Amino acid sequence: MNYLNVEGISKSFGELCLFEHLSFSIHKDQKIAFIAKNGTGKTTILNILTGKDTPDSGVVVFRKDVRMAFLSQETNLNPELTVNESIFDSDNPILKVIDNYHKALQDPDDAKSYQKAFDEMDRFQAWDFENKYTQVLFKLKLNDLSQKVDSLSGGQKKRLALAITLLSKPDLLILDEPTNHLDLEMIEWLEDFFEKESITLFMVTHDRYFLERVCSTIIELDEGKIYTYKGNYSYFLEKKEERIQRESIEVNKAKQLYKKELKWIRRQPKARTTKSKSRVDDFQDIKQRAHQRRNDHEVQLEINMERLGAKILEVHKISKRYGDKVILDGFSYMIQKGERIGIIGKNGTGKSTFLNMITGGEKPDSGKIVYGETLKFGYYTQQGIQAKPQQKVIEVIREFGDYIPLKKGRQISAQQLLERFLFSRKKQYDFVEKLSGGERKRLYLCTVLIQNPNFLILDEPSNDLEIVTLNVLENFLLDFPGCLIVVSHDRYFMDKIVDHLFVFRGDGVIDNFPGNYTDFRVYEDSKPPLSQEKSKNQNKQKSHTATASKLSFNEQKELENLESKLKSLEYDKKQLESKFEDVDLEMETIQKLSEELQKLIETIEKKEMRWMELIEKFE
């Protein structure tokens, strides 16, 4: 069943043409992800689909009586209502029935009203839906239903908007970055919810694990054209690569034909037959195909880094609480060179507070933080860039200087730097307030990196960055020689760049876990189920430092260094193995490489054995 048809829509803003003649459709029970680069019109297309904007040409045709709900990045809630009133302020008749039933429960003496409400619950089969209603509120941590919307945090408002959207029971649900402001536990619950629910989805998201598990169709806007892939994210990556390779072959063929036809055109034949005139007309089409170029410029991140000294950052028994809420309780840790720490935990457990403390934005209630002399932070916060009114993109960068130092003593101008961050010369003179959310985040990331930090702290860096920029940022961070702390709900991002985790459990409990997020999930899922109280007591018994395990301090550091060293050795092994692909190798060289490879394999096996010993002791 076809829910929606998009037929030949186009949209421009002044001289900027976002897209032209786009067409696609959404069918019942499809779960579609919409992928495009930042600034190419993702949000505009969502606004057109939901009636918040209109195309310059083309139409969007809905099937009659299709109920649609839209979760935008900007919440539009009535600040005067409570959480409960906001949820029931809906045209969903089942919600009205549940609301009347709850009101009847508050007045048990009015048997007539209670019986009527009870009968209505039966008639609308609302009992199962009430269970869903309770589950959604519980999972999204919306516990205080009497709280006014005006007093909620930004994250709470986003979760409330998500709850309202889910409970409105639409036929078609359109979502713009639904995982923003959700912690990892909430994201995994939302994945399960969408997998089990018979609901039609059309969403924009950068969460690649979410795409993998939830979406069965991916629609990509690339170079102004729409491409549809009937599969999940892995299938999309595979088929997109095949498409790009085919296009490259076709362009090369067109170039060869173009050279041939260009010679014929230059001979300027005097006799223009009908056939030769047709050939001249075809030449323009061949020329256009031969000069096609993919706009696949990647952000080039090669900013210079200040040298790190022997002492980097030491945290000694720091504590922090707000009233009765304990954030940190005697936490200690010494950060060493090259550490790559991921921080995970539920919302409200103190992750951002911890980052603000180590960067000097907040002071601990007790304990101390010791900084190395050469330490230079680059702190990417959730607040983003704070541009002045009417400030242009180029002016933001020039506040840090007209020239930016790079590696090996080189330097580039502010304009050249912005070009490397995918801002064209024309875009550099746009006002910052005109940039898309992803472009503003990319500009902010640029301002953090150009200050030559040797210790990067990134608080939710993946929000609003499209997948292309995320891939490039990941590659940069893998090569970044300094220290790194990342708070992120993007599991794919965390898996790729961190070596170990600080797990914020709540109540001041912080576990140091040796591994990435997937390792942590496997470990957590393998633990025997405990009652909530027993689990809480067990956590309380743990020390708030890495010495919580049976490992000594030196063994902890050895374990962390082994994680990093094994990755480095595996990379060396792959590089060495690739040398054997050279068919011109001499026997003497092959023998030498074989001996070198054998030694490397023995070293890896030895370190893996030691790693296993420490892991068993840790557990």
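This passage describes the fold, the cores, one cavity and several individual residues of a predicted model. The chain contains 20 helices and 20 strands, and buried residues make up 46% of its 619 residues. Among the contacts in the chain with a separation of 6 or more, 68% are accounted for by residues 24 or more positions apart.

The interior is considered next. In soluble globular proteins, nonpolar side chains tend to be buried together. In this model the largest nonpolar core comprises 53 residues, and Leu140, Leu166 and Phe194 are those with the most contacts inside it. The element that gives the most to this core is helix α6, which spans residues 154–167 and supplies 7 residues. A second core, separate from this one, has 43 residues, including Tyr380, Ile394, Ala414 and Phe476. The surroundings of Phe194 can be listed in detail: when residues up to four places away in sequence are not counted, Phe194 touches Lys31, Leu166, Leu173, Leu175, Ile199, Leu201, Phe210 and Val214.

Two of these residues, Lys31 and Phe210, are touched by Phe194 and also appear among the residues touched by Cys215. Cys215 is found in the loop between α8 (208–214) and β8 (217–222). With a relative accessible area of 4%, Cys215 is buried, because the limit for that class is under 20%. Residues up to four places away in sequence again being left out, Cys215 touches Lys31, Ile32, Ala33, Met203, Phe210, Gly231 and Asn232. The C-alpha atoms of Cys215 and Tyr233 are separated by 7.6 Å, the two residues being 18 residues apart along the chain.

Aromatic side chains form a further set of contacts, with a count of 25 aromatic pairs. One of these pairs joins Phe331 and Phe502 in an edge-to-face arrangement, with 5.5 Å from centre to centre and 80 degrees between the planes. Phe331 belongs to strand β11 (residues 325–335) and Phe502 to strand β19 (residues 500–506), so the pair ties together parts of the chain that are 171 residues apart in sequence. Both Phe331 and Phe502 are buried. The two residues also belong to a cluster in which ring pairs link Phe331, Tyr333, Phe354, Phe502 and Phe504.

A search of the whole structure for enclosed spaces finds 2 cavities of 30 Å³ or more. The second largest cavity has a volume of about 60 Å³, and its lining consists of Leu182, Asp183, Leu184, Ile343, Ile344, Gly345, Asn347, Lys351, Glu460, Val487, Ser488 and His489. These lining residues divide into 5 nonpolar, 4 polar and 3 charged. Strand β12 (residues 340–345) gives the most to the lining of the second largest cavity, with 3 residues. Leu184, one of the lining residues, lies in helix α7, which covers residues 184–196. At 9% relative accessibility, Leu184 counts as buried. Apart from neighbours within four places in sequence, Leu184 is in contact with Ile344, Ser488, His489, Arg491 and Tyr517, and of these, Ile344, Ser488 and His489 also line the second largest cavity. Leu184 and Asp490 are 306 residues apart in sequence, and their C-alpha atoms are 8.0 Å apart in space.

Helix α1, formed by residues 42–49, has 6 of its 8 residues buried, so α1 is largely enclosed by the rest of the structure. The buried residues of α1 are Lys42, Thr44, Ile45, Leu46, Ile48 and Leu49. Gly51, which follows α1, has a positive phi near 80 degrees.

Positive phi values also occur outside glycine. Most residues other than glycine have a negative phi, and most peptide bonds are trans. Asp29, a residue other than glycine, nevertheless has a positive phi, near 75 degrees; Asp29 lies in the loop between β2 (16–27) and β3 (31–35). With a relative accessible area of 39%, Asp29 is partly exposed. A positive phi is likewise found at Lys317, where the value is near 50 degrees. Lys317 is located in strand β10, which runs over residues 313–322, and at 60% relative accessibility Lys317 counts as exposed.

Definitions and conventions. Residues numbered from 1 in each chain as written. Predicted model: local features only at pLDDT ≥ 70, side-chain atom pairs only at ≥ 80, totals over all residues. Heavy atoms only, no water. Core = buried A, V, L, I, M, F, W, Y, C linked by side-chain atoms within 4.5 Å. Buried < 20%, exposed > 50% of the residue type's maximum accessible area, 1.4 Å probe, protein only. Helix = DSSP H or I, 4+ residues; strand = E, 2+ residues; numbered from the N terminus. Contact = heavy atoms within 4.5 Å. 1 Å grid on protein atoms, 1.4 Å probe; cavity = no way out; pocket = protein on both sides within 12 Å on 5 of 7 lines; lining within 4 Å. Points joined across faces, edges and corners; volume = space filled by probe spheres on them. Nonpolar A, V, L, I, M, F, W, Y, C, P; charged D, E, K, R; others polar. Phe/Tyr/Trp six-rings, centres within 6.5 Å; stacked < 30°, edge-to-face > 60°.
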